[in-house]
Amino acid sequence: MSTEQTNVRVGWRRDTAIFLSGQTVSMFGSMLVQYAIMWHLTLETKSGVVLMASAVFGMLPQAIVSIFGGVWADRLNRKTLIIAADASIAVTTVVLAVFMMSGYQELWLIYLTLAIRSTGAGIQSPAVMALIPQLVPTDKLLRVNGVFQSIQSGMMLIAPAAAAGIYASMSIIAIFWVDVVTAIIGIGLLLFISVPTVRTSIDTGYFTDLAKGVRYTFTHAFVRWLLVLFGIVFVLTVAPSMLTPLMVVRSFGEEVWMLTVNELSFSVGMLLGGVLVAVWGGLKNKVVTVLVSSLVFGALTLALGLSTNMWVFFGFMLLVGLAVPFFSTPATTLLQERVEPEYQGRVFGFVGVVMATAMPFGMIVFGPLADVVPVEWVLIGAGILTFVVVAIAAVIPAGKRAIAIGAQPAPAAPGHPDGDDAAADEPASQPTSQPAD
């Protein structure tokens, strides 16, 4: 481990607490705006087309920009990048607030704001995920990621209520100003920690680094296997996470409180799961944890489809939420542990692409299908398909090697600076950088 890395880890608890606190405050403001804009467009236009357009403008730029944002996260100082992205989003929000205060509320301006905010998220997210292992010792990563997952789940419970209160008592413009204040607080806290730049010199062009990141991601056997599994399971979880409200309405009743309990069950489960991961840490082999949690997703999705009692259904929804951190947190931690520091931004850029595109793709498949056959059938089919996917992922050679890698202690300093080319020259005792199959 380099002297620079050792210095970063001195006082890591303080730096991590400050960083997560700043991200929590900033995330809270962003979630307020997300809910406020959705409700505002719903109330003002009552148009499904408008809501669809807002979803496209709010998600597609992040999916595209994440690839390029990952390169910047590996070339530039990640702390500076997060501050710049947060500040840009805040400035955009200020501009929208000023226009709306003057009475100008055209849809194109809201769409443009959503697109710029989404672009900022595409730059910020890879930097955040790649910065965490710069602050946190390798053996503490899983628990810190579990804490971060719990914070995100907690925000999912608090933000809607807070946004509703501010929106109802004041206006959407008030929420915009709250977002600006939370961004300033988040940036201010981030200034208190020191984060070195991973690459002290850049001797290659931007697009060369982009190409190297693509090649690294898709030729690194372990990374490729994990990302493919992550993407497929993410698509299949669209069924329980997005179609269960439809099943509630069709099978149990159209009361709003039922839909609320359904969402709360999932969110509370995620919060409890994040806390459990942070306290317990999960199985010793993180790859096995990912596979087992995927099987649990399949079993619970199947159980949801077979449920005939509403409260049993809500109980299974809570368990689905509980299982999420046992899938996402170990998967994130594995990438933080096993990917070379100077490639982590680009790899997490591709993770951002997977996360931003899996849900829309899943809805394209499952949404129309749920209008042709009962939702219960869709859930049962998704559950069975999850079993098949996990079984295949575990028995193929890449899966067996991934399980073997997961059984080994994480390296103190991940991998080799030359990525997959260097991997071919490493001895078999260093499985963190395997060549392609």
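A salt bridge is counted here when a side-chain nitrogen of Lys or Arg lies within 4 Å of a carboxyl oxygen of Asp or Glu. In this predicted model, the side chains of aspartate 179 and arginine 117 meet that condition, with an N to O distance of 2.9 Å. Because aspartate 179 belongs to helix 7 (residues 172–190) and arginine 117 to helix 5, the pair ties together parts that are 62 residues apart in sequence. Both aspartate 179 and arginine 117 are buried.

It helps to set this pair within the whole chain, which has 18 helices and 0 strands. Of its 437 residues, 54% are buried, and the accessible surface comes to about 18,500 Å², with 72% of that area belonging to carbon and sulfur atoms. When contacts between residues at least 6 apart in sequence are considered, 87% of them join residues at least 24 apart.

The structure holds 7 salt bridges, and two further examples can be followed alongside the one already described. The side chains of lysine 286 and glutamate 337 meet at 3.2 Å, N to O; since lysine 286 lies in helix 13 (residues 286–306) and glutamate 337 in helix 14, this pair ties together parts that are 51 residues apart in sequence. Both lysine 286 and glutamate 337 are buried. The side chains of arginine 346 and aspartate 74 also form a salt bridge, at 2.7 Å from N to O, and this pair links distant parts of the chain, with arginine 346 in helix 15 (residues 344–370) and aspartate 74 in helix 3 (residues 48–75), 272 residues apart. Arginine 346 and aspartate 74 are both buried. As a general point, side chains of opposite charge can pair when their charged atoms come close.

Helix 14, which carries glutamate 337, deserves a separate look. The helix runs over residues 310–338, and its 29 residues should span 42 Å at 1.5 Å a residue, which agrees with the 43 Å that separates its end C-alpha atoms. Helix 14 is mostly covered, as 22 of its 29 residues are buried. Its N-terminal end is capped by asparagine 309, a side-chain oxygen of which lies 2.9 Å from the backbone nitrogen of tryptophan 311.

Individual residues show how separate stretches of sequence meet. Alanine 278, in helix 12 (residues 256–280), counts as buried because its relative accessibility is 15%, under the 20% cut-off. Its C-alpha atom is 9.6 Å from that of proline 325, although the two residues are 47 apart in sequence. Leaving out residues up to four places away in sequence, alanine 278 touches Arg143, Gly146 and Val147. Serine 26, placed in helix 2 (residues 12–45), is likewise counted as buried, at 5% relative accessibility. Beyond its neighbours within four places in sequence, serine 26 is in contact with Asp86 and Thr182.

The surface offers a contrasting view. A nonpolar patch of about 620 Å² is made by Val91, Val95, Phe99, Tyr104, Trp108, Leu112 and Ile116. Helix 4 (78–101) and helix 5 (107–135) are the elements that give two or more residues to this nonpolar patch. Within helices of this kind, an α-helix has 3.6 residues a turn, so residues three or four places apart point the same way. Isoleucine 116, one of the patch residues, lies in helix 5 and is partly exposed, with a relative accessible area of 34%. Helix 5 thus holds both this partly exposed isoleucine 116 and arginine 117, the buried partner of aspartate 179.

Methods
Residues are numbered from 1 along each chain as its sequence is written. This is a predicted model: local features need pLDDT of at least 70, side-chain atom pairs count only at pLDDT 80 or more; totals for chains, interfaces and linings use all residues. Side-chain values use heavy atoms; hydrogens and water are left out. Patches are made of residues with over 30% relative accessible area and no salt bridge: like charges are joined within 9 Å, nonpolar side chains (Val, Leu, Ile, Met, Phe, Trp, Tyr) within 5 Å. Accessible areas come from the Shrake-Rupley method with a 1.4 Å probe; for residues, only the protein chains shown count as cover. Helices (H or I, at least four residues) and strands (E, at least two) are DSSP runs, numbered from the N terminus. Buried means under 20% relative accessible area, exposed over 50%, partly exposed in between (1.4 Å probe, protein chains only). Contact means heavy atoms within 4.5 Å. The expected span of a helix is 1.5 Å times one less than its number of residues. A polar contact is a pair of N or O atoms within 3.5 Å; within protein, one must be able to donate a hydrogen and the other to accept it, and residues adjacent in sequence count only if both atoms are side-chain atoms.
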